[in-house]
Amino acid sequence: DWTPAAFVQETVAKITAQVGDKKVVMALSGGVDSTVAAELIHKAIGQNLYCVFVDNGLLRKDEFETVLDSYKHMGLNVKGVNARELFYRELTGVSDPEKKRKIIGRLFIEVFQQESTLLKDISFLGQGTIYPDVIESVSVNGPSVTIKSHHNVGGLPEKMNMSLVEPLRFLFKDEVRRVGREIGISELFLGRHPFPGPGLAIRILGEITPDKVAMLQEADAIYIEGLREAGLYDKVWQAGTILLPVQSVGVMGDERTYEFTVALRAVTSTDGMTADWAHLPYEFLAKMSNDIINRVKGINRVVYDISSKPPATIEWE
Ligand code: XMP
């Protein structure tokens, strides 16, 4: 009979036995899996767990600072690394979605490897791999292969030649959440929507610029905050804002504007493999449209994505 309490006790003992007084390095993403995995390892070995949280410049508004702060409050030994300029530089002029993913995956590994080298005598690599990741990474075809190649720091173990510590390897997502609750991790982490590794890079269609990132972050923050205030955040599986490579005419006072369009996306799903567009109330959508257009300079049009997966995907790139 599986219980979170027994799992925690057993897992902490296992990690202690596996790692002893050696050191573990681990990348944190702000997501549920890496956070719960890190807390379990932390329970077992304390300050011998060295966490790295990379700011790739493609996170949500204020996310890097907020999440880094929470990690510190949880007692994790974590280093925040600002690599924004590097990511923006290497992404300049790149529009192809798969190229974006490859560049982001490569840079992430470079930054993480460099940070790990700065730390001396690290013997283990901690990872938040969960059971579906294990299954999906051995499946031969389908989008999961592409997803996983950038997910959960895929590709790191081969390159780093370290033994793995993967406390969640046999758990499903709901079990991870229960374990997280058991060890007192905040609902702000546990209830978070999934967020793709390449972040806002695949929600800015076409070329990425720091200005576009800033614009999208503002619009997205209004939308996500709006969902929370309306009590809708927990009712959808994932939500986000997409900056379209489309400019259109509008009016503001007696001025003609020629500005960008954002698409709002919200889906219901159980595993992300299939998804329905969420039937959000019209009044809510109307408020979001007004708030975004009035408050975000550079955006004069908001549309709502009413496509389901398949045949559409959740992300637009
Ligand atoms: P799609 O767009 O394929 O997304 O319907 C399904 C789920 O996967 C996420 N996703 C990614 N996650 N790296 C990730 O870590 C990626 O490159 C990537 N692409 C999509 C997406 O946000 C959704 O949760």
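These legends go with a set of close-up views of one predicted model.

**View 1. The whole chain, for orientation.**
Before zooming in, here's the overall picture: the protein chain carries 12 helices and 9 strands. Its C-alpha trace spans about 70 × 45 × 40 Å along the principal axes. The radius of gyration comes out at 20 Å, which agrees with the value near 20 Å that a compact globule of 317 residues would have. Buried residues make up 33% of the 317. If you take the contacts with a separation of 6 or more, 75% of them join residues 24 or more positions apart.

**View 2. Helix 1 crossing helix 2.**
Here we look at helix 1 (residues 4-19) and helix 2 (residues 32-45), whose axes come within 8 Å and cross at roughly 65 degrees. The crossing is right-handed. On the helix 1 side, the contact is made by Val8, Thr11, Val12, Ile15, Thr16 and Val19. Helix 2 answers with Leu40, Ile41, Lys43, Ala44 and Ile45. Sorted by class, that gives 8 nonpolar, 2 polar and 1 charged residues.

**View 3. The five-stranded sheet, from edge to edge.**
This one is an open sheet of 5 strands, paired in parallel and ordered 3-2-1-4-5. Strand 3 (78-82) and strand 5 each have a single partner strand, so one side of each is left without a neighbour in the sheet. Neighbouring strands are turned by 30 degrees against each other on average, ignoring direction. As a reminder of what holds such an arrangement together, strands of a sheet pair through backbone hydrogen bonds, either parallel or antiparallel.

**View 4. Strand 4 and its two partners.**
Zooming into that sheet, strand 4 (residues 122-126) pairs with strand 1 (residues 23-28) in the parallel sense, over 4 bridges. Two residue pairs are handy for finding the register: valine 24 stands opposite phenylalanine 124, and valine 25 has leucine 125 as its bridge partner. Strand 4 is also joined to strand 5 (residues 163-165), again running parallel, by 3 bridges. For that pairing, look for glycine 126 opposite valine 165.

**View 5. Two aspartates with positive phi.**
Time for some backbone geometry: most residues other than glycine have a negative phi, and most peptide bonds are trans. Aspartate 62 has a positive phi, near 60 degrees, without being a glycine. You'll find aspartate 62 in the loop between strand 2 (49-55) and helix 3 (63-73). It counts as exposed because it has 10 other C-beta atoms within 10 Å, and the cut-off for exposed is 12 or fewer. Aspartate 121 also has a positive phi, about 55 degrees. Its spot is the loop between helix 5 (97-118) and strand 4. Aspartate 121 is exposed too, with 6 C-beta neighbours inside 10 Å.

**View 6. Cis peptide bonds after strand 9.**
The last close-up goes to the segment after strand 9 (299-304), where proline 310 is found. The peptide bond from lysine 309 to proline 310 is cis, with omega near -10 degrees. Another cis peptide bond joins proline 310 and proline 311, with omega about 5 degrees. Proline 311 is likewise in the segment after strand 9.

Conventions
Residues numbered from 1 in each chain as written. Predicted model: local features only at pLDDT ≥ 70, side-chain atom pairs only at ≥ 80, totals over all residues. Axes fitted to C-alpha atoms, helices over the stretch in contact; angles between N-to-C directions. Left-handed = near helix turned anticlockwise from the far one by under 90°. Contact = placed C-beta atoms within 7 Å. Nonpolar A, V, L, I, M, F, W, Y, C, P; charged D, E, K, R; others polar. Pairing = 2+ DSSP bridges. Rg over C-alpha atoms; globule rule 2.2 N^0.38 Å. Buried ≥ 20, exposed ≤ 12 C-beta atoms within 10 Å, placed from the backbone.
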